[in-house]
Amino acid sequence: VMATGLWSQFAIQTIPAGTDIVATSGYSATGVGNGFYVSDALADAVLAAAHPRFCKAEAGGRYFRLYSPNGILVEQGGAVGDVEIDYLVNNQPAIQACVNYGIAVGTLTILFQSPHYTIWTPARTYATNDYDLDQSGIPIVIDGAHVTLKSLCGRTDLWRRASAGGDPATWANWPLTSGGDYWRGGCIYLVGPLGSPPALFNDRSGVTLEDMHLQGGTVRGSGYGAMNLSTGDGWD
């Protein structure tokens, strides 16, 4: 194992031949999001193109990827947590990237070490009602696996905000008017196959929350009907 610098500066570093594992000092700041990266069969240009936060080539052209089989820390994807709630930092891209990379490499636990993370809802970009296929305007999408979101500090709150970090109560009703407003009141969207649902939901994506709290700004059961855990009805 070779100790190296920040992961954000990895592309300008040269890793000697024969060194297949490196330990970074942090993601973009020392001591924040440090981890181990490995050059293996999964680490290639395709993975780097799909998951640039987690796979890069060093100066000599060899690819390395984050190796964290027991869980991906969201700081390893560039997230910034805080002990106070200020809503100023948008962690949505980093957390979504961690989920996507975890599913791609089979690491299905996403770890949160701070009490608070703010996620700005992405702008809703489409103007049709093809909501089964379009996933814009959704804070966190889980597609293709059962993912665990786990707090490492006893309790972590995900604070959802509007698309520019504003009050989440300003969400737009259907139809989309203008301004890139978002809808679907929840923080997490689980993707499943299209069509009528079967009696069991074991073919769908899933999520387990361990000491995680979703602060979505929307009262459960408002909008399009009350949530029913038995039938799956209710989506706001």
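## Strands, a core and a few charged pairs

T118 stands opposite W159 in β11. That pairing is a good way into this predicted model, so let's start with the sheet around it.

β8 and β11, the latter covering residues 156–161, pair in the parallel sense over five bridges. They belong to an open sheet of three strands, ordered β8-β11-β14, and the pairing in it is parallel. At the edges sit β8 and β14 (212–215), each of which pairs on one side only. On average, neighbouring strands of this sheet are turned by 20° against each other, direction ignored.

Now for the helix that goes with these strands. α2 lies across β8 and β11, and runs at about 95° to β8. Its length checks out: with 14 residues at 1.5 Å a residue, α2 should span 20 Å, and its end C-alpha atoms are 20 Å apart, which agrees. Which residues of α2 are buried? They are Q92, A94, I95, Q96, A97, C98, V99, Y101 and G102. Just after the helix, G106 takes a positive phi of about 85°.

**The core**

The largest nonpolar core has 32 residues, and V74, I95, I110, F112 and L158 have the most contacts inside it. Several elements supply at least two residues each: α1 (45–50), β5 (63–66), α2 (92–105), β7 (109–112), β8 (116–120), β9 (140–143) and β10 (146–151). The largest share comes from α2, with six residues.

L158 is worth a look of its own. Leaving out residues up to four places away in sequence, L158 touches I95, F112, Y117, I119, I140, M212, H213, L214 and Q215. Two of those partners, I95 and F112, are listed with L158 among the residues with the most contacts inside the core.

**Charged pairs**

How many salt bridges does the model have? The count comes to four. Three of them are set out here, with the closest N to O distance and the relative accessible area of each partner.

| Pair | N to O distance | Relative accessible area |
|---|---|---|
| R65 and D40 | 2.8 Å | R65 7%, D40 30% |
| E210 and K150 | 4.0 Å | E210 33%, K150 32% |
| R155 and D157 | 2.7 Å | R155 39%, D157 4% |

Take the pair of R65 and D40, whose closest N and O atoms are 2.8 Å apart. R65 lies in strand β5 and D40 in the loop between β3 (36–38) and α1, so this salt bridge ties together parts that are 25 residues apart in sequence. Buried or exposed, where does R65 fall? At 7% relative accessibility, R65 counts as buried, because the cut-off for that label is under 20%. D40 has a relative accessible area of 30% and is partly exposed.

Next comes E210, which forms a salt bridge with K150 at 4.0 Å between the closest N and O atoms. E210 lies in strand β13 (residues 206–210) and K150 in strand β10, so the two tie together parts that are 60 residues apart in sequence. Both ends of this pair have the same label: E210 is partly exposed at 33%, and K150 is partly exposed at 32%.

The side chains of R155 and D157 also meet in a salt bridge, at 2.7 Å from N to O. Here R155 counts as partly exposed at 39% relative accessibility, whereas D157 is buried, with a relative accessible area of 4%.

**The other sheet, and the whole chain**

β5, the strand that holds R65, also takes part in an open sheet of five strands in the order β1-β2-β3-β5-β4, with mixed pairing. Its edge strands are β1 (2–3) and β4 (55–57), and each pairs on one side only. β4 and β5 pair in the antiparallel sense over three bridges, and A57 stands opposite Y63 in β5. Besides that, β5 is one of the elements supplying at least two residues of the largest nonpolar core.

Stepping back, the protein has two helices and 14 strands. Of its 236 residues, 39% count as buried. As for contacts with a separation of 6 or more, residues 24 or more positions apart account for 65% of them.

How values were computed. Residues numbered from 1 in each chain as written. Predicted model: local features only at pLDDT ≥ 70, side-chain atom pairs only at ≥ 80, totals over all residues. Heavy atoms only, no water. Core = buried A, V, L, I, M, F, W, Y, C linked by side-chain atoms within 4.5 Å. Buried < 20%, exposed > 50% of the residue type's maximum accessible area, 1.4 Å probe, protein only. Helix = DSSP H or I, 4+ residues; strand = E, 2+ residues; numbered from the N terminus. Contact = heavy atoms within 4.5 Å. Expected span 1.5 Å × (residues − 1). Pairing = 2+ DSSP bridges. Axes fitted to C-alpha atoms, helices over the stretch in contact; angles between N-to-C directions.
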